[in-house]
Amino acid sequence: MGVRMALNLSLQGLCVLLSTMVAAQITELRLVNGSHRCEGRVEVKYKGKWGTVYDYRWYLQAADVVCKQLECGHAIDARRDAYFGRGVGPIWLVNTVCKGTKPTLNDCSHDTLQDYRSLGLSHSRDAGVVCSGFVRLAGGDGPCLGRVEVHSGKDWVPLSDGNFTLLTAQVICAELGCGKAVSFLGDMSIKESYRVWPKEFQCKGHEPELWFCHNESCPGDACHRGAVQVFCSVYTEVRLMKNGISQCEGQVEMHISGQWKTLCASHWNMANANVVCQQLGCGVAVSTPKGAYFVEGGDKIWEARFHCSGAESFLWNCPVTALGIPSCTHGNTASVICSGNQTQVLPQCNDSVSEPEGSAASQESAATCSDSRQLRLVDGGGPCAGRVEILHQGSWGTICDDSWDLSDAHVVCRQLGCGEALNATVSAHFGEGSDPIWLDDLECTGKESHIWKCPSRGWGQHDCRHKEDAGVICSDFLKLRVVSEDQECAGWLEVFYNGTWGSVCHSPMADITLSIICRHLGCGDSGTVSDSIVPREGSRPRWVDQIQCRKTDSSLWQCPSDPWRRNSCFLQEEAYISCAGVRPRSCPTAAACTGGRTSLQSPAGGIRQGPNLVRGIFSLSEMLCFFLGALLFLVLVILVIQMYRWRAKRRALPSFEDVPNEAVYEEIDYLVATKEDLLGSTGALSDDSVTKLPYYTGDGEDNTDFQPAPGSRAQKTDAPSEDYDNVEEVPVPEAPFASWVNEGELPPGEENVVRASPTGSSLQFSRGIAGPGKEEASPWLLQGEEGDPGYDDVELNAPQTSTMVFS
């Protein structure tokens, strides 16, 4: 009864506590003063009033919970210091700490809900968030290219390509800040385990976000299983302008970030020109006369370099380099003359050995054969390094490294617009290609305009295997790294340019720039610049400054910056960055040592836990678990106490007589020899015929818990004695309740249950235990007939007790 009452009272108290906590909850959440629905100042409604969140301990994890709760994807940034303006009214939340797995802001840890303006806090530190939004492009090289996915509130789900149009793609690209949609591709395969969004969006093109577009359930409630891929770009259109008219020859102009800009002729080549001509339906490129159609307005020249292979459908699909590119020389603009035949295909080439440079035959074929072939570098990590491959007769093939040297490599680098050759690699340095091997034994002078114009054995003539594939590293080849003694994703940022590693300057390094750098390094999606690092020693180039990446840039090389210079900044301005994916060098890439709480080695050699972000603060679910655990512990304690008392009472009751019988008497009966072995002819109990009684050490039914008494003999002697005086005193077996007797805890009226004589030679038991009636056998010592104990010296005492004496 006591246990039930305690349990009922505890449950009632828990219910009261839970009802109190549920009542003190946030009822609504919103973002205010952002540029779209999924960014702004965080505001919560409590007791019918909207209030703000104080930014103390406001981290990306809490912002992520807000974004997911509002179906706005994931958090990109957790803003502080009233970034989206100061709120009005109460400041409801302070000290808000969330784990990324929390479903709502209610489940996060925070101080008691109240208006903290009364404690001196002000709206100057209102918290805000920037979310990725309801829609994203996934699986591409950056946030502006990939499969369209929408956020369900729990995870990202592919959007069906059913009834998808370019207008819907335009809304998506504009919402993501990715310029305009230049193309989309439907019927993209997805895994069978994936589900698609159950609705189709039908945008008109003017909506600010996909969320606001009209949507309908899929026909028959069955969406098409094909996904859709969208390509957004700041480069949205291209044209050839001559005398103010767009046609199939003229100055190359592109629509970039809402403006028409002229492309620079630096590194402009026939492969780029071929892509432009085919994109415009103007056949193939005939030539690229530099500056022939220059139009005034040099301030609108775009310096970025395109590295097309010639097979791309659009110019903006080609790799682009903008990092470190110098300003374009006045008047040095790109121009193209296309064949003009919109149905013309690439001409076939004469497979004979190339004519000498400058001959009539070579000039005649310049606009046909040379322009149909294409050149690329593969597996080198960029467009300006790798294995040399040529597209000839519809197949990509390699070059054998016999006689391969810098003169040959110079032709390749210059033809690709990659500067000068730094290295002519051999023995498949960049890996082995596949059939065919097109050229062997090249003997270039270094001045040829195309690599296939150099003297060679001829097309397809060789005695090589692909382990001899040739490669190049050009001066415009770029590579990025961080230098640190013990970290993989934190350290001094360095770029490889013109054959030398040099520093990167840290100004201005906006968040998007750091994000692209860290993603480029495979070190997460965000990072920080450390200003407190002591400048390092040594002499090295400080290659580049003023890197300003855009959201549309998929790699650091596409980000605009100041031109390359050996001393772009002071030594103290070298960039030291730490990416979100920072990990020790000994940590495997796949290991989970980038996040969560870590154990840090303390100076004393012990283990020091990482900072506890929620010390003294519990979320709703954590408080519930805490109190439930405490309640269960309390109930367990009560049950143990009640069980202990119950057992104590039962041991003291006369009706509990079988317990001593089983615990003591049966053990004695088990150890003492049979009646015939114990008694002599005179009925005497001899010293040599008795096995000393062991000390009782437990309640088990086997003998493993019994040990011989000190000084006892384990077996009979050879010379039995006839008199009783030599019999040693038998140690008193300790009954399970002996401690109660010693401590005087027997219930009233039970004092005579057990009484030992001062010499230990007398055992007294209550009549109900040691002296059963005739109708009940006494199996505790003898196994003989009933009423024949066989002991002359057993003396019955007063009616209430029985005494057994060994003299």
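**Aromatic rings at a glance**

R376 lies over the face of W396, with 3.9 Å to the ring centre. That's one of the ring contacts worth a look in this model, which is a predicted one. Aromatic rings also pair up with one another here, and the count comes to 16 aromatic pairs.

**Y83 and F84**
- Start with Y83 and F84: their ring centres are 4.9 Å apart and their planes sit at 80°, so you're looking at an edge-to-face pair. The angle settles that, because planes over 60 degrees apart count as edge-to-face.
- F84 is tucked away as a buried residue, with a relative accessible area of 9%.

**Y235 and W302**
- Now try Y235 and W302, whose ring centres are 6.2 Å apart with planes at 75°, so this pair is edge-to-face too.
- Y235 belongs to strand β14 (residues 235–242) and W302 to strand β19 (residues 301–302), so the pair ties together parts that are 67 residues apart in sequence.
- Are these two rings' residues buried or exposed? Y235 counts as buried, at 7% relative accessibility, and W302 counts as buried at 13%.
- Both labels follow because buried means under 20% relative accessible area.

**A cluster of rings**
- Which residues join up in one aromatic cluster? They are F134, W197, F201 and W211.

**Arginines over rings**
- R30 lies over the face of W50, and the distance to the ring centre is 3.9 Å.
- For R376, the ring underneath belongs to W396, and the distance to its centre is 3.9 Å.

Terms used
Residues numbered from 1 in each chain as written. Predicted model: local features only at pLDDT ≥ 70, side-chain atom pairs only at ≥ 80, totals over all residues. Heavy atoms only, no water. Phe/Tyr/Trp six-rings, centres within 6.5 Å; stacked < 30°, edge-to-face > 60°. Buried < 20%, exposed > 50% of the residue type's maximum accessible area, 1.4 Å probe, protein only. Helix = DSSP H or I, 4+ residues; strand = E, 2+ residues; numbered from the N terminus. Lys NZ or Arg CZ within 6 Å of the ring centre and 35° of its normal.
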